[in-house]
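Hello,

Here is the structure I promised to pass on to you. Have a look at it first, and then read on for what turned up in it.

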Amino acid sequence: VSTVSALVATGFLVGKKIGMHTIDVAIVSCCQRGQGGTGDVAILTACNRMSLMPFAQIATRIGGAINVSLGLLFLSHYLA
C-alpha cells in the first residue's frame, strides 16, 4: 500500500510541477506496479482511461528494465 501510494503521490506532484494533467500522470505511475500488461489494462479500464495505454506500457517496460538493471548492479557489486 505504501509503495503504490508513494508512486501515485510522486506522479501527481511531478505532473503538477511540469504542467501535465496530474490525475493522468498519477494513473500511469500507478501502472508501473501493476501486474505488467494485465495490470495496465485493469487499472486503465477501472479509471476509464484506456487512451493512456501507450504511456502505461512504456512506463511498465522502462520501470522493469530499470529494476532489473539495478538488481544486476547490486548483485554484481555485493556477490563478486
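**Helix packing and a pocket**

H1 and H2 cross in a right-handed way. Please keep in mind throughout that this is a predicted model. The axes of these two helices come within 7 Å, and the crossing angle is roughly 145 degrees. On the H1 side, the residues that make the contact are Val4, Leu7, Val8, Gly11, Phe12, Gly15 and Lys16, and on the H2 side they are Thr22, Ile23, Val25, Ala26, Ser29 and Cys30. Sorted by class, the residues of this H1 and H2 contact come out as 8 nonpolar, 4 polar and 1 charged.

To put those two helices in context, the chain holds 4 helices and 0 strands, which gives the pattern α-α-α-α when read along the sequence. Its C-alpha trace spans about 45 × 30 × 25 Å along the principal axes.

Next along the chain come H2 and H3. Their axes are 9 Å apart and they pack at an angle of about 150 degrees. An angle over 145 degrees counts as roughly antiparallel, so H2 is roughly antiparallel to H3. The crossing of H2 and H3 is right-handed. Here Ile27, Cys30 and Cys31 of H2 meet Asp40, Ile43, Leu44 and Cys47 of H3. This contact has 6 nonpolar residues, no polar ones and 1 charged. If you are following Cys30 on your screen, you will find it in the contact of H2 with H1 and also in the contact of H2 with H3.

Then there is the pair H3 and H4. Helix H3 covers residues 37–47 and helix H4 covers residues 53–79; their axes come within 10 Å and cross at roughly 145 degrees. This crossing, too, is right-handed. Gly37, Asp40, Val41 and Leu44 of H3 make the contact with Met53, Ala56, Gln57 and Thr60 of H4. By class, those residues divide into 4 nonpolar, 3 polar and 1 charged. Asp40 and Leu44 are worth finding in the viewer: they belong to the contact of H3 with H4 and to that of H3 with H2.

Finally, the pocket. The largest one has a volume of about 260 Å³. Which residues lie nearest its centre? They are Met20, Asp24, Val25, Val28 and Phe55, out of 13 residues that line the pocket. Helix H1 (2–18), helix H2 (22–31) and H4 are the elements that each give two or more residues to this lining. The largest share, 4 residues, comes from H2. By class, the lining has 9 nonpolar, 3 polar and 1 charged residues. Val25 links this part to the start of my message, as it lies among the residues nearest the pocket centre and also takes part in the contact of H2 with H1.

Happy viewing, and best wishes

Notes:
Residues numbered from 1 in each chain as written. Predicted model: local features only at pLDDT ≥ 70, side-chain atom pairs only at ≥ 80, totals over all residues. Heavy atoms only, no water. Axes fitted to C-alpha atoms, helices over the stretch in contact; angles between N-to-C directions. Left-handed = near helix turned anticlockwise from the far one by under 90°. Contact = heavy atoms within 4.5 Å. Nonpolar A, V, L, I, M, F, W, Y, C, P; charged D, E, K, R; others polar. 1 Å grid on protein atoms, 1.4 Å probe; cavity = no way out; pocket = protein on both sides within 12 Å on 5 of 7 lines; lining within 4 Å. Points joined across faces, edges and corners; volume = space filled by probe spheres on them. Parallel < 35°, antiparallel > 145°, perpendicular 65-115°, else oblique.
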